[in-house]
Amino acid sequence: MARRNSPEADFDRRLLLAAGAGTAVFATLVGRLSQLQLIESDRYTKLAAENHVRLVLAPPERGQILDRFARPLASQRQAGRVSVIPERLEDAEATLRQIAEHIDLPETRVKRVLEEISASRIRRSGFVPVTVVQELSYEEFARLRVRAVEMEGVDVQMASTRSYPRGRDFAHILGYVARASADDLTRLAEGRAPEDLETFEELFRHPDMRVGRQGMERFAEDWLRGRPGRRRVVTNAHGRPMEELEQDPTNAAVAGKDLYITIDSELQRVAIDRFEGESGAAVVLDIASGDVLAMVSTPAFDPNAFVNGISGKDYAELRDNSMSPLYPRAHGGVYPPGSTFKMVVATAALEAGVIDTKTRFTCHGRMWFGGRNWHCHKKGGHGSVDLHNGIKLSCDVYFYQVARLAGVDKIAEVARKFGFGEDWVLGMTGARGGLVPDRAWKRKARNEEWFEGETLNFGIGQGQLGVTPVQLALMTARIAAEGKHFKPRLIGFGPDVPEDGELDMPLDAEIMKLMKSGMFGVTSEPGGTAYRSGDLGLGGPRLAGKTGTAQVRNISAAERVSGVRTGDAIARELRDHALFVAYAPTDNPRYAISVVVEHGEGGSRTAAPVARDILAAAIKMDSGRTPAYSKRAATKTPDTDGKPEGDPV
Amino acid sequence: MSREGFTGFTRGEARVSAARGVYFDRFGPFGKIARLPWSIILLIVGTGLVGTAMLFSVGWDPVSAAPSPDEANLWRDHITRLGVGFVLMIGLALLPLSVWSRFAFPAYAAVIILLVLVDFFGVMGGGAARWLKVGPIQIQPSEPAKLAVTMAVASFYQRMMPTNGQSPPLYVHGGALLLVLIPAALVFKQPNLSTALALTASGAMIIFFAGISMRYVLAAIALGLVYVPAIYTFVLEPYQRERVDTLIAGITGESTNGLGESYQIEQAKIAIGAGGFSGRGYLQGIQSQQEYVPEQHTDFILTIIAEEFGFIGAIALLSVFAFLFAWSFMVASKNRSWFGRLATVGATSTIAFFAIFNSGMVLGLLPVLGMPLPLISYGGTALITVMACFGLILSAHLHRDEKLSTRGLF
């Protein structure tokens with residue numbers, strides 16, 4: 001039967017052969033396992049550990065912005081935030097509906113969150129919380145906090161958010177922060193070492209991180225930002241944090257520095273209220289220190305709306321609003337100064353020696369020059385007018401003559417001495433310099449020669465001339481300080497503003513005294529254009545000032561004849577702007593102010609009372625008293641000057 | 001004792017066997033169940049439960065110290081399938097070999113039809129058409145094909161084996177080869193390289209054990225070696241070629257850092273190496289618990305065993321497999337029919353092929369192909385197929401004395 005060579009016997013032999021081969025395979029596998037797990041185990045253990053420990057970025061706390069008396073204007077506030085963790089949600093939509101039962105959650109937001117959730121699932125980053133509502137009201141937070149316990153994957157907790165407790169009051173000065181866009185990153189990355197850039201981008205991708213987009217928030221970005229730290233955490237392959245490790249204190253985040261501005265937020269509040277909804281601007285300066293005590297631009301926007309991303313609809317509303325709330329009038333609004341410019345013209349003529357205090361011109365209500373009539377604001381004319389009365393009565397004919405004698409280039413030169421034509425950045429964005437025209441400018445810009453007639457227009461602050469309320473306040477302060485060196489400041493303690501110069505070109509003190517006397521006449525002598533505004537209502541101190549009217553358009557001959565130039569007869573946006581510049585108290589000036597009431601028509605009627613009330617408030621509240629940061633500012637050393645400690649990244 | 005001239009049992013063996021049969025016959029229909037090798041079955045099910053435990057570990061979330069809700073289904077599915085597989089395995093084990101043999105060709109024909117249907121109506125998945133959808137049920141015919149081909153080839157030899165005690169003539173081996181290559185080609189076309197390889201490998205093993213001359217075996221091996229470069233260039237898809245390149249780079253020590261194919265192998269090696277001698281402990285693998293190894297619940301499940309239970313655990317698992325295969329060879333050796341012998345080695349080869357190829361792949365010795373670790377990897381069809389293969393082996397053990405007809409094909 002089964003012989004040695006039978007298939008059955010052969011089968012058993014082949015089984016043994018296969019078993020032998022199997023043993024060899026088994027030995028190979030065991031050998032490989034010993035190589036990996038016994039011989040090279042240490043190396044792989046180390047690799048495994050390195051795989052998991054990651055240095056996770058810890059964003060720094062942004063520095064506060066405080067006012068003169070350390071009242072917070074921009075601060076980090078703990079706000080209730082609700083977010084969902086995509087990987088723990090069974091039905092994202094149902095969960096969001098559940099959340100919406102307890103808080104106000106618009107449908108558009110739900111849609112947006114759902115999109116973000118599905119995107120994070122694709123990226124396998126389902127462990128990164130998706131914010132549903134950034135800021136809950138206290139009631140919403142309390143309500144949702146209790147309910148969220150029963151909702152899987154819903155996280156309700158306090159998080160740090162930028163907040164502007166004074167809302168609109170400081171919108172144009174402080175600007176706002178927002179999530180960094182690609183443009184922001186490019187801007188901030190400029191001049192940085194390439195190896196820093198990655199960290200930098202990582203930092204700004206962090207959900208808590210914001211970047212200054214406008215105003216002082218943008219200007220002082222490096223000062224306020226601080227330095228991010230690193231936390232050592234164990235993460236899994238998808239970057240999800242698994243456990244915290246012991247932290248190295250030198251790796252902790254360094255909070256940004258606080259920034260003090262020179263403004264008295266109470267005075268700011270008074271000034272804004274005084275505008276009563278009119279659009280316009282006001283700037284109050286402390287004459288002794290150069291501190292900006294108030295800087296108002298109305299209407300304004302609420303910067304809090306920008307922190308967590310403003311909706312397209314809301315932004316369009318702000319942008320298209322006929323009152324232009326986004327427009328920073330105080331430092332970026334360019335107006336013809338009108339008669340407030342007459343002190344500059346007079347100073348130029350006096351400096352040039354073409355007139356003196358006794359020089360008189362006769363006003364008949366108009367003046368024939370260059371083939372046309374140049375009108376004075378007083379139809380019947382002022383008669384014989386000297387320097388003092390020229391300012392007090394704001395006689396146009398007087399200043400036509402003075403301007404003609406001084407010449408355009410001399411007026412322009414003196415205007416620049418007063419600070420016109422220069423951007424006063426002061427640490428904000430959107431500052432504009434306006435325009436001081438002269439012969440050279442006209443040749444260059446228009447390729448035309450200067451007409452003498454234009455000099456006449458220049459003499460009453462009209463024409464190409466454009467100034468900002470900040471510049472007008474500087475001019476007034478310089479007059480009130482009788483020509484002394486003057487350096488305006490908005491940042492009390494913070495980075496330096498390299499763009500800004502000082503007003504240190506000499507202005508003759510005697511000439512300035514004449515200007516002051518003229519301005520005193522305006523408000524305190526019978527016949528002055530703002531005679532009734534001189535009394536501050538404080539039972540003593542008075543103010544001295546100068547009215548101005550800025551033409552929004554030319555007055556047609558027909559209107560001049562009919563006399564219809566004001567009131568309801570013409571559309572609001574065609575009415576003249578009312579201007580007023582002033583200082584107080586008259587005997588020992590401390591505060592200078594400029595006020596522009598857009599379409600307010602008459603400087604004495606609308607702008608002067610506003611200026612008077614603000615100055616009175618400043619005196620009453622003693623806004624210029626020693627600021628809270630004075631000690632810090634004194635100890636400011638070159639090391640920390642203008643830069644946060646170490647590189648911001 | 002010499003077995004010369006005796007094909008059955010020694011008298012002692014016959015006595016023991018008969019006595020056992022008589023003893024268990026007292027339990028009536030349950031006697032057959034009682035005669036099953038329960039220690040072996042325990043080992044099989046135990047190995048499956050190791051898989052369940054490891055899938056629980058894969059789905060563990062170390063942060064919340066609870067099963068992650070996304071992955072809690074892994075171990076639950078596995079233990080359910082293990083239960084279904086167990087019942088199936090016992091049921092199949094009770095079938096006499098004659099039944100297996102009778103259904104071999106109908107099963108084979110059904111599988112071929114399904115494979116052809118897949119090529120035309122298959123549902124695409126992962127870039128290949130492998131699934132047939134019948135209502136709510138999805139069938140992957142390449143899995144039952146493994147068992148059906150083994151049964152068919154074994155049955156073919158049973159019928160064609162010469163009665164004169166000679167080895168079968170060459171044309172019989174040729175026919176067997178054809179039976180293997182037709183389904184293998186259909187599976188390869190899907191494309192499903194790993195299953196095609198498994199089919200060919202277990203078919204080749206059956207032909208080898210059926211007594212094909214060693215000349216042909218050696219010639220086939222030589223031919224294979226010669227054709228390796230040609231297969232590499234013309235047969236393999238670019239992604240498969242890349243895997244081979246990665247493997248060679250890994251073995252020769254070239255840089256395999258970075259992402260892609262080598263990332264998986266690299267992370268697998270780190271997990272295994274980090275396990276060390278005794279492992280990091282259950283649920284404690286730092287590499288595994290943090291999801292650094294892709295496909296850890298399917299093809300790369302050996303890495304979490306090696307990391308959490310170390311060298312000891314990995315060797316223990318491989319030893320269990322080795323023991324099961326050795327025991328299956330004993331079953332083959334003791335079976336009286338060619339069908340029983342060849343079907344057993346075929347089923348064993350199928351399981352062994354996956355076990356060996358999977359370990360080799362995970363350990364970075366073989367290219368990465370979709371090969372599950374038998375009984376342990378997540379995946380229903382593969383688990384059921386493996387349990388069915390064990391059912392066939394158990395049946396061959398239970399019915400080792402059964403005589404089958406050798407009366408030709410029809």
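# Exercises on a predicted two-chain model

Over all chains, the count comes to 45 salt bridges. The model is predicted.

## Exercise 1. A link across the sequence

Find which parts of chain A the salt bridge between Arg81(A) and Asp208(A) ties together.

**Solution.**

Step 1. Check the distance. The side chains of Arg81(A) and Asp208(A) meet at 2.9 Å, N to O.

Step 2. Place both residues. Arg81(A) lies in strand 3, residues 72–84 of chain A. Asp208(A) lies in the loop between helix 8 (194–205) and strand 7 (211–212) of chain A.

Step 3. Conclude. The parts are 127 residues apart in sequence, so the pair ties together distant stretches of numbering.

Step 4. Compare the accessibility. Arg81(A) has 10% relative accessibility, so it counts as buried, the cut-off being under 20%. Asp208(A), with a relative accessible area of 32%, is partly exposed.

## Exercise 2. Two further pairs

Classify the partners in the salt bridges Glu449(A) with Arg443(A) and Arg605(A) with Glu601(A) as buried, partly exposed or exposed.

**Solution.**

Step 1. Take the pair Glu449(A) and Arg443(A). Their closest N and O atoms are 3.6 Å apart. Glu449(A) is partly exposed at 47% relative accessibility. Arg443(A) is partly exposed too, with a relative accessible area of 41%.

Step 2. Take the pair Arg605(A) and Glu601(A). Here the closest N and O atoms are 3.4 Å apart. Arg605(A) has 56% relative accessibility; exposed means over 50%, so Arg605(A) counts as exposed. Glu601(A), at 13%, counts as buried.

Step 3. Add a network. Salt bridges also link Arg62(A), Arg162(A), Glu217(A), Glu221(A), Asp222(A) and Arg225(A).

## Exercise 3. The interface

Describe the contact between chain A and chain B: its residues, its buried area and its polar links.

**Solution.**

Step 1. Count the residues. Chain A gives 44 residues and chain B gives 54 residues.

Step 2. State the area. About 4,200 Å² is buried between the chains, and carbon and sulfur atoms give 66% of that. Phe11(A), Arg14(A) and Gln37(A) supply 18% of the area that chain A buries against chain B, more than any other three residues.

Step 3. Count the polar links. Eight residue pairs are in polar contact between chain A and chain B, both residues being at pLDDT 80 or more. The salt bridge count between the chains is one. Glu8(A) and Arg341(B) form a salt bridge, with the closest N and O atoms 3.9 Å apart.

Step 4. Name the elements on the chain A side. Helix 1 (7–39), helix 2 (41–52), strand 8 (229–235) and strand 9 (241–244) each give two or more residues. Helix 1 of chain A has the largest share, 21 residues.

Step 5. Sort the chain A side by type. There are 23 nonpolar, 11 polar and 10 charged residues.

## Exercise 4. Helix 1 of chain A

How does the span of helix 1 of chain A compare with the expected 48 Å, and which of its residues are buried?

**Solution.**

Step 1. Take the span. Helix 1 of chain A has 33 residues and reaches 46 Å from first C-alpha to last.

Step 2. Compare. This is close to the 48 Å expected at 1.5 Å a residue.

Step 3. List the buried positions. They are Pro7(A), Asp10(A), Phe11(A), Arg14(A), Leu15(A), Ala18(A), Leu29(A), Arg32(A), Leu33(A), Ser34(A), Leu36(A) and Gln37(A).

Step 4. Recall the geometry. An α-helix has 3.6 residues a turn, so residues three or four places apart point the same way.

## Exercise 5. Two residue environments

Is Thr303(B) buried or exposed, and which residues does Ile85(A) contact beyond its neighbours within four places?

**Solution.**

Step 1. Place Thr303(B). This residue sits in helix 13 (residues 301–334) of chain B.

Step 2. Read its accessibility. Thr303(B) is buried, with a relative accessible area of 0%.

Step 3. Find its contacts. The Thr303(B) side chain reaches the backbone oxygen of Phe300(B) at 2.5 Å. Beyond four places in sequence, Thr303(B) touches Ala268(B), Ala271(B), Ile272(B), Ser288(B), Val293(B), Gln296(B) and Val362(B).

Step 4. Turn to Ile85(A). Its place is the loop between strand 3 and helix 3 (92–100) of chain A. At 12% relative accessibility, Ile85(A) counts as buried.

Step 5. List the partners. Ile85(A) is in contact with Gly126(A), Phe127(A), Pro129(A), Gly153(A) and Asp155(A). The C-alpha atoms of Ile85(A) and Gly153(A) are separated by 5.1 Å, at 68 residues apart along the chain.

Key:
Residues are numbered from 1 along each chain as its sequence is written. Chains are lettered from A and ligands numbered from 1 in the order in which they are written. This is a predicted model: local features need pLDDT of at least 70, side-chain atom pairs count only at pLDDT 80 or more; totals for chains, interfaces and linings use all residues. Side-chain values use heavy atoms; hydrogens and water are left out. Contact means heavy atoms within 4.5 Å. Buried area is the accessible area (1.4 Å probe) that two parts lose on being put together, summed over both. A salt bridge is a side-chain nitrogen of Lys or Arg within 4 Å of a carboxyl oxygen of Asp or Glu. A polar contact is a pair of N or O atoms within 3.5 Å; within protein, one must be able to donate a hydrogen and the other to accept it, and residues adjacent in sequence count only if both atoms are side-chain atoms. Helices (H or I, at least four residues) and strands (E, at least two) are DSSP runs, numbered from the N terminus. Ala, Val, Leu, Ile, Met, Phe, Trp, Tyr, Cys and Pro count as nonpolar, Asp, Glu, Lys and Arg as charged, and the others, Gly among them, as polar. The expected span of a helix is 1.5 Å times one less than its number of residues. Buried means under 20% relative accessible area, exposed over 50%, partly exposed in between (1.4 Å probe, protein chains only).
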